[in-house]
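The following exercises ask the reader to work through a sheet and two individual residues. Each task is followed by a solution in steps.

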Amino acid sequence: MQVSVQTTKGLERKMTVEVPAERVDNEIDNRLRRLSRTAKVKGFRPGKVPFKVVKQQYGEDVQQEVMQELIQSSYGEALREQSLQPAGQPLIDPVDMAEGKGLKYTATFEVYPEVKLKKTEGLKVEQPVAEVSDEDVEGMIENMRKQRADWVEADKAATEGDRVIIDFEGKLKGEDFPGNSGQEMPVELGGGRMIPDFEKGLMGLKAGEEKSFDVKFPKDYQAEELQGKKVKFTVKAHRVEEQQLPELDDEFVKNFGVNEGGIDKLRADVREHMERELEQAIKRKGKEGLLDALVDANKLDLPNALVDEEIHSLQHDMARRMGMGEEADPHQFPRELFEERARKRVALGLLLGEIIKVNELKVDQAKVDAILADMTAQYGEQDQVIAQYKANPQVMRQIEAMSLEEQAVDLLREKATIKEKKSSFEDIMNEQPRG
């Protein structure tokens, strides 16, 4: 077998493979002879069909089967011979195979980049630090009260925090559009669920009043026909409602599983929960900063095939989180939304893999146990759930990979230059995770 490899651009390789005629013809011949033992041809008994007839009747199909199998097997052989590691599936074209002339084809594919760690020590990382204050705890309890608030009708003009029940109709250049009208729709002012201009237009309304106002839709609004457009809305207020918060009494705290100790016990439980969440968020943000610094300090050429695969995975994940059905097309989400994150993920996978290899890291059972404990902390029968995880080899391989990544991150953190930055519980918890 003859193999030649050409570097076309960047990580792309074009490999030409020639399989000798003897190998191709022998494989076709052997397969046809095996087939002749069982082939059913009118006018001949099974096993007595002349080879020439079998070849004439089945030769083309057998040739196609052999071609596909030889491409698959010879492609793998050629990669091993040339010590190439492809990233993604190859493009096979053209295929040339004829009796007595062997098989020839080209495979175009990308290879993994050669990862050389340029800098892993002294990475500059900003680490947020914060504490849960009394004000944070009271704010959380206030939110808990709002979650169980009642809405009561009020004879007043609507202000922020109130809810207005409205009929509405919108016109785009005097014409209707999908979803342009509704009846008895509740809108909480300041709730952030509607376009700001729309909420602003409802301010000051009283029950029974009608009002018209313009709403400017954002340029990234989900409905393309409304992006950046100005729509005139006419609304009628049926009633204005205000929140009635529950009292901080024993009845209220029982809703959160506190049967003894009253509001003081609830505050203590809330603080403990907030401190645990804050600790996890600070740890996550420190890791994000460290990995961002690693990627910035170690630029890599990335195979487009791996980036495309990661984008596809992120699109599917978005569809799943939005509760879209199995039949929904995840590609309706523009790839541009995910490309930066996908490139970062691919780069991190390559860099962390190299750190694990260079430092000869092995799976640390203590790390695995810690990850399992963290993943199952919310379950009542935690030991039983952990046992189920351990009985699933696929899940355990994923967890072991996570533990190796954590060990690599620990190595980076030990050698990093970390600068603390004072922050607040609210700022840390409201910041969206990256990566």
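**Exercise 1. Determine the strand order of the open four-stranded sheet and identify its edges.**

Solution. The model under study is a predicted one.

Step 1. The four strands of this open sheet follow the order S1-S2-S4-S3, and their pairing is antiparallel.

Step 2. Strand S1 (2-9) and strand S3 (91-98) each have a single partner strand, so they stand at the edges and one side of each is left without a neighbour in the sheet.

Step 3. On average, and with direction ignored, neighbouring strands of this sheet are turned by 10° against each other.

**Exercise 2. Describe how strand S2 is paired with S1 and with S4.**

Solution.

Step 1. Begin with S1. Seven bridges link S1 and S2 in the antiparallel sense. Within this pairing, Thr7 has Arg13 of S2 as its bridge partner.

Step 2. Examine the connection. The hairpin of S1 and S2 has two residues between the strands, and Gly10 in this hairpin adopts a positive phi near 55°.

Step 3. Turn to S4. Strand S2 (residues 12-19) pairs with strand S4 (residues 102-110) over eight bridges, again in the antiparallel sense. Lys14 has Thr108 in S4 as its bridge partner, and Val17 is placed opposite Tyr105 of S4.

**Exercise 3. Establish whether Glu241 is buried or exposed, and list its surroundings.**

Solution.

Step 1. Locate the residue. Glu241 belongs to strand S10, which spans residues 230-244.

Step 2. Apply the cut-off. A residue counts as buried when its relative accessible area is under 20%. The value for Glu241 is 7%, so Glu241 is buried.

Step 3. Identify the side-chain partner. The side chains of Glu241 and Arg239 are joined by a polar contact of 3.0 Å.

Step 4. Collect the contacts beyond the neighbours within four places in sequence. For Glu241 these are Trp151, Val152, Glu153, Ala154, Asp162, Arg163 and Ile165.

**Exercise 4. Carry out the corresponding analysis for Gln407: is this residue buried or exposed, and which residues is it in contact with?**

Solution.

Step 1. Helix H11, covering residues 393-415, contains Gln407.

Step 2. The relative accessible area of Gln407 is 13%, and this residue is therefore classed as buried.

Step 3. With neighbours within four places in sequence set aside, Gln407 is in contact with Leu361, Lys362, Val363, Asp364 and Lys367.

Key:
Residues are numbered from 1 along each chain as its sequence is written. This is a predicted model: local features need pLDDT of at least 70, side-chain atom pairs count only at pLDDT 80 or more; totals for chains, interfaces and linings use all residues. Side-chain values use heavy atoms; hydrogens and water are left out. Two strands pair if DSSP finds at least two bridges between them. Axes are lines fitted to C-alpha atoms, for helices over the stretch in contact, and angles run from 0 to 180 degrees between N-to-C directions. Buried means under 20% relative accessible area, exposed over 50%, partly exposed in between (1.4 Å probe, protein chains only). A polar contact is a pair of N or O atoms within 3.5 Å; within protein, one must be able to donate a hydrogen and the other to accept it, and residues adjacent in sequence count only if both atoms are side-chain atoms. Contact means heavy atoms within 4.5 Å.
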